[in-house]
Amino acid sequence: ETYTAMLSVRRVLGSEGRLLRRLRAYLREESARLRRLARFYEKVQALHQDPEASVDNPLLAFSLIKRLHSDWPNIIYSDEATENTQALHAGFKEVEQELPGAEDLDGAARALMRLQDVYALSVKGMANGVFQRAGAGRPALYSPSRRVSLSADDCFHVGKVAYDTGDYYHSIAWLEEAVGLFRLSYGSWNPEDRSSLEDALDHLAFSYFMAGNISHALSLSREFLHYDPGNQRVARNVAKYEKLLETGAAASAGPLRRPNGTHLQSRDTYEELCQRPGVQPTPERLPHLGCSYETNGSPYLLLQPAKKEMVQIQPYVALYHDFISDAEAETIKGLAGPWLQRSVVASGEKQQKAEYRISKSAWLKDTADPVVRALEQRIAAVTGLDLRPPYAEYLQVVNYGLGGHYEPHFDHATSRKSPLYRMKSGNRIATVMIYLSAVEAGGSTAFIYANFSVPVVKNAALFWWNLRRNGDGDGDTLHAGCPVLAGDKWVANKWIHEHGQEFRRPCSANPQD
Ligand SMILES: O=C(O)CCC(=O)C(=O)O
Ligand SMILES: [Fe+2]
């Protein structure tokens, strides 16, 4: 899979670089071949146009006969063109296994639609290369330094992914863009395009029909017939739509709604939190929040105390700034890189991949590198918790993909059957999540019920308790990694379990604690 981690996306950039070099060699060879053909053409053409060049000249007569018997067949039956194409094909075969597959194109298209939804982006804007938000006067969340727009065929592909799943809300928006762009360039053909204006009209018409908008379906189908009058299927559709409109049997089209794909009960809050910039201290929270240097009674922190920013009291969430250095972050990403695999989520007793978590991750033992060991010691010092095996999980390093996200979830197990209990050290009492990278836009960590979000702060560590002191899961910790709008987001998770913390975080029978 390519689209599920930006590291993999970056890797296929290298594959395209190799393809580019192959195509350049092919263009060079083919241009030279055409130049040679043109030279022959010019030479013979000049003879034909020169009144002085008479076949009375025995040399010219000889060369005419030789040309017709030998030169022309050599020209016409030359293998050069085939050899050039074969070299190009062989070059493609060499990189073919590295190239993204159909599931990647689907995933990438779903990523664009996710960004469209979560950040309320205009599809027209996206097709034009800008990230405009619906609603006047709202600032763009991301302004790329180099603006790239999408082609008609690009928009068609996104629309087609929605269309194939019966999601006409998205297919209409994207196919509208495809139709508009194809109309503008009608008559000029791009060799890379797989779709055409007719394809886009056909799919858009059917999407409108399914959405109950018969008059749009009719006018688009008529436009289709203008370009391809012999198409019987579309002609029948036109007749059907006309009849529906005449008899008034067409259901009136209600507003198109977004499909409720994944299990997101509180989607509005989630999206609003993802769009909000920065941490949001409300007036009633403010008195409890503040920054402090913490040594936590640990000699380890005496010389360099932790820089703690309180984010929330209930659930207890704190952000430790400059928790790691740039160099440590790079080391950890480098160690994890070769081991990254599609992230999974707990599903009953098993683990499986899911659309609601798009990233790749790897587990690092503290024996992997002194940097990992030092990081664990720092986590232990700052939290005051026991991280020795089996009281904590290995360090999980995560690289998000295109539109990568982790929809609202709990880190702790909510069922006794969860695979989390395999470690036999209880539930996940606390999470320490370190931001190993910055991002250009998006990717905040949103706490849905607690109603705040934390932006990605490079090198900072976010700490929160998942369980209450009585061992119950704290429902207020429902949180999410918002889709990455732009950039390469990396985080590292350290999950600390209940066992071993009995004297470090004493329990309480009060369910409020
Ligand atoms: O990436 C984030 O901001 C959140 C990640 C998260 O919640 C997780 O990995 O469990
Ligand atoms: Fe989480």
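A helix, in what I am about to say, is a DSSP run of type H or I with at least four residues, and helices are numbered from the N terminus. With that in hand I can start at Tyr168, whose place is in helix α7, and I should say at once that this is a predicted model.

Is Tyr168 buried or exposed? There are 24 other C-beta atoms within 10 Å of Tyr168, and the cut-off for burial is 20 or more, so Tyr168 counts as buried. If we leave aside its neighbours within four places in sequence, Tyr168 is in contact with Ser207, Met210, Ala211 and Leu256. Arg222, by contrast, is 54 residues from Tyr168 along the chain, and the C-alpha atoms of the two are separated by 20 Å.

Let me step back to the protein as a whole. Its secondary structure comes to 13 helices and 17 strands, and buried residues make up 35% of the 513 residues. The radius of gyration is 31 Å, where a compact globule of 513 residues would have one near 24 Å, and the C-alpha atoms fill a box of roughly 115 × 70 × 45 Å along the principal axes. Of the contacts with a separation of 6 or more, 71% are between residues 24 or more positions apart.

The protein is divided into domain 1 (6–96), domain 2, which is made of two segments (102–134 + 142–247), and domain 3 (269–497). The centres of domain 1 and domain 2, taken over C-alpha atoms, are separated by 40 Å.

Now to the interior. As a general matter, nonpolar side chains tend to be buried together in soluble globular proteins. Here the largest nonpolar core has 115 residues, and the residues with the most contacts inside it are Cys155, Ala178, Ala200, Leu204, Val397 and Ile434. Helix α7, residues 168–184, gives the most to this core, with nine residues. Where does this core lie with respect to domain 2 and domain 3? Both of these domains give residues to it, so the core lies between them. To take one of its well-connected members, Leu204 touches Ile172, Leu175, Glu176, Val179 and Leu220, not counting residues up to four places away in sequence.

Turning to ligand 1, the residues around it are Val398, Tyr406, Asp411, Met433, Thr445, His479, Gly481, Val491 and Asn493. By class, that shell has four nonpolar, four polar and one charged residues. Which strands each supply at least two residues of the shell? They are β15 (479–481) and β17 (490–497).

Two exposed positions deserve a word. Arg10 lies in helix α1, residues 6–49, and with 11 other C-beta atoms within 10 Å, where 12 or fewer is the limit, Arg10 is therefore exposed. Arg10 and Asp488 are 478 residues apart in sequence, but 9.8 Å apart in space, C-alpha to C-alpha. Glu349, in the loop between β5 (345–347) and β6 (350–352), is exposed with 11 other C-beta atoms within 10 Å. Not counting residues up to four places away in sequence, Glu349 touches Lys417 and Pro419, while the C-alpha atoms of Glu349 and Arg183, 166 residues apart along the chain, are separated by 52 Å.

I will finish with backbone geometry. Most residues other than glycine have a negative phi, and most peptide bonds are trans. Against that background, the peptide bond from Gln314 to Pro315 is cis, with omega near -5 degrees, and Pro315 is found in the loop between β2 (306–312) and β3 (317–321). A cis peptide bond also joins Pro389 and Pro390, with omega about 0 degrees, and Pro390 has its place in the loop between α13 (370–383) and β8 (395–400).

Which value does phi take at Ala120? It is near 50 degrees, a positive value in a residue other than glycine. Ala120 is found in the loop between α4 (102–118) and α5 (123–127), and counts as partly exposed, with 17 C-beta neighbours inside 10 Å. Asn459, likewise not a glycine, has a positive phi of about 75 degrees. Asn459 lies in the loop between β13 (452–454) and β14 (461–465), and with 18 C-beta neighbours inside 10 Å it counts as partly exposed.

Definitions and conventions
Residues numbered from 1 in each chain as written. Chains lettered and ligands numbered in written order. Predicted model: local features only at pLDDT ≥ 70, side-chain atom pairs only at ≥ 80, totals over all residues. Rg over C-alpha atoms; globule rule 2.2 N^0.38 Å. Contact = placed C-beta atoms within 7 Å. Near = placed C-beta within 6 Å. Nonpolar A, V, L, I, M, F, W, Y, C, P; charged D, E, K, R; others polar. Domains from an automatic or database assignment. Core = buried A, V, L, I, M, F, W, Y, C linked by C-beta atoms within 7 Å.
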